[in-house]
Amino acid sequence: MLHEDPSRTATPPRQVRGACPHDCPDTCALLTTVENGIATRVQGNPAHAQTGGVLCAKVSKYPERTYHAERILTPLKRSGPKGSGQFTPVTWDEALADIAARLASIAARDPQAIQPYSYAGTMGLVQGESMDRRFFHRLGASFLDRTICATAGGEGLVHTLGGKVGMKVEFFAESKLILIWGSNSIGSNLHFWRIAQQAKRDGAKLVCIDPRKSETAEKCHEHIQLLPGTDAALALALMHELITHDWLDHDYIARHTVGWEQLRERALQWPPERAAQVCGIPVEQIRQLARDYGTTQPAAIRLNYGMQRVHGGANAVRAVACLPALTGAWRHRAGGVLLSSSGSFPVDRVALQRPDLLAGRSPRTINMVTIGNDLLREASPAFGPKIEALVVYNSNPVAVAPDSSKVVQGFAREDLFTVVLEHFQTDTADYADYILPATTQLEHWDVHVAYGHTDVLLNQPAIAPLGQARSNTQIFRELAARMGFTESCFQDSDEQLCRQAYGAKVDFNLLLEQGFAPLGGPDAPFAEGGFPTPSGKCEFFSERLAAQGLDGLPDHVPNHEAAGSSAQYPLAMISPPARHFLNSTFVNVKSLRDIEGRPLLEIHPQDAAARSIEDGSVVRVFNDRGSYRCHAHVSERARPGVVNGLGIWWRKLGLDGSNVNQLTSQALTDLGQGPTFYDCAVQVSLCPSP
Ligand code: SF4
């Protein structure tokens, strides 16, 4: 339903330039049509090459999401037991005064008992990591290690290439071989898929490497359906074949890499037969892939974060990131690897976040992945104070953090004071003491990095905030004022924050004028080496890791819960996103939820038959951490021995008030302290008919 404002006079439609704020590599440029103060349409900006005038189905529904009847438009105070979802509207004054008083009284004992919790509900630098960080720095609250998506892969890149850097995405169009590795691009990286299609039309071969036969895998020339968590074994076997057939660029290796002899020795321990056994794929498939990769130029690899959500995730990214230096693929602008381009953006985080406000204090750090355990921990010398207050924004941890039963138990603590800044009453908001209505991307300023291209984007507000909604920055500004924080940086406006994010490094007038500004930089960034590592070379062997007592070379690190390793829980489960959801965002947009239908577990016909499960059956998926009911989709989208629990449904919209994270664990990755969502052993059984 549209919210009419009778005081508005009719004005001609106008278009406002913006940026998609969601956790997606594409960071599209938006054009919002506004008529009489109402956003009537959100489209892709055709002037922005990476967007090409096209948005995904999810964000095309933005007006439906923005004007959703269930949007929270006033501050709400809890009026029932924790988790009951019962709230009463209150004024901003009442809410802010009470929140400030509660936080101040906890801070007087120990500000580290206050825990911020946020992630990429918006990827915007201003609404996601500016005034909020200033507020918590000034307060002296605990730090949050924001690990829930990408840290393992990020560390893998840092210890190999030197940063989150790689090929420019547009040049994949000129590649002759593209490995799409750990990514369902059609669902999660649509604009890259358009580029890959162009390459395909020009004769490129597309190979998808993924435990799931995704929509993308179906449309590639070949699909390598390996077991979850075995990607490093495959990459090492490819190296073995490159070495034994001498499909190597010796000159590039000699001039632009370190650790070649050590890597050679490691790779020679991985003949294709060994990897085939570990990966659960035919040996000939590995040989063919190596032949293709070793003899095709330019060859490019598009990694996404799926492959690093397992115990050995960082090592897997390290192993794959070594490949282009072995064949000299980096010499071509259409060769190399791209996982993330975010390290290319010259963001001035010191200006935005103001760590000087810590005034010499070094608060402890809580890992967002282990919030389930940490909310249940008592004070101790090792841990520090018990967590007494949580301020959640841009995140829905009750639905998205692993090991949900622990997370729910923690959020249900009667002695925990929880504030949630949100658009909707999510699973997390149900556990809040206060819900504060936040603006959407159509209602506030922001400026963005991207991790799938190299353009800076500006988001200008298209409409006034709905109801009493306030931007995150405004909420933290007002809390700061009520807590007596008088530093002038708490007065900075959102537009000023947008300007501070890049300072003089990006032309702000260009951003205002066209909505985006390319970073520039060379087309083939590592054609002549120059990696941003300490050695300036591609580091097959990392001295930095070795100095920490870790393996300096990439290796296959088996899953914590490898497929088939448990008789009790014989199936490996991965939980890739349902195509029309983005993490837990959009699950409450009815038109998108209707397309997804119901929570599904994809199971291979053999595994289904062994359990008398038919397509559409209600099944119980379980392990020692919990149990989750959903519908079975019997399909070869799942390989034998692996089930795909599509996520991430809101718990309260599922069959039994839970979701797939009831089963996932809080175990961490090899580097980066990341989550291991796709490293999860389960059993599945048919639920008796009601
Ligand atoms: S979610 Fe991704 S593809 Fe969809 S509009 Fe946003 S950036 Fe573009």
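Guide: Buried means under 20% relative accessible area, exposed over 50%, partly exposed in between (1.4 Å probe, protein chains only). This is a predicted model, where local features need pLDDT of at least 70, side-chain atom pairs count only at pLDDT 80 or more, and totals for chains, interfaces and linings use all residues. Residues are numbered from 1 along each chain as its sequence is written, and side-chain values use heavy atoms, without hydrogens and water.

Visitor: What makes strand β15 mostly covered?

Guide: β15 spans residues 389–393, and 5 of its 5 residues are buried. A strand is a DSSP run of E, at least two residues; a helix is a run of H or I, at least four; both are numbered from the N terminus.

Visitor: How do you know that both faces of β15 are covered?

Guide: Take the sides in turn. Ala389, Val391 and Tyr393 lie on one side of β15. Leu390 and Val392 lie on the other. Every one of these is buried.

Visitor: Why are β6 and β15 called paired?

Guide: Two strands pair if DSSP finds at least two bridges between them. β6 (residues 114–118) and β15 have 5 bridges, so they pass. They pair in the parallel sense. Ile114, for one, has Ala389 of β15 as its bridge partner.

Visitor: Which strand do 5 further bridges join to β15?

Guide: β16 (residues 417–422), which runs parallel to β15. Val391 has Val419 of β16 as its bridge partner.

Visitor: What makes Leu686 partly exposed?

Guide: Leu686 belongs to strand β27 (residues 680–686). Its relative accessibility is 38%, so Leu686 counts as partly exposed. Its C-alpha atom is 45 Å from that of Asn472, which is 214 residues away along the chain.

Visitor: What makes an empty space a cavity and not a pocket?

Guide: On a 1 Å grid over the protein atoms alone, a 1.4 Å probe fits in a cavity but cannot get out; a pocket is open, with protein on both sides within 12 Å along at least five of seven lines, and lining residues have an atom within 4 Å of a point. By this rule there are 5 cavities of 30 Å³ or more. The second largest cavity holds about 130 Å³ of space. Its lining has 16 residues, with Cys20, Cys24, Asp26, Cys28 and Cys56 nearest the centre. Helices α1 (57–60), α7 (185–188) and α8 (190–201) each give two or more residues to this lining.

Visitor: Where does the ligand sit?

Guide: In the second largest cavity. To sit there, more than half of its atoms must lie within 2 Å of the grid points.

Visitor: Which residues are around the ligand?

Guide: They are Cys20, Cys24, Asp26, Thr27, Cys28, Leu55, Cys56, Val59, His191 and Leu582. Each has a heavy atom within 4 Å of the ligand. By class, this shell has 7 nonpolar, 2 polar and 1 charged.

Visitor: What about the largest pocket: which residues are closest to its centre?

Guide: The largest pocket has a volume of about 1,100 Å³. Of its 42 lining residues, Tyr119, Glu129, Arg133, Arg146 and Arg349 are closest to the centre. Elements giving two or more residues include β6, α4 (125–129) and α5 (131–139). Helix α6 gives the largest share, 4 residues.

Visitor: How do the residues of that lining divide by class?

Guide: Into 20 nonpolar, 14 polar and 8 charged. Ala, Val, Leu, Ile, Met, Phe, Trp, Tyr, Cys and Pro count as nonpolar, Asp, Glu, Lys and Arg as charged, and the others, Gly among them, as polar.

Notes
Grid points are joined across faces, edges and corners, and a volume is the space filled by probe spheres set on the points.
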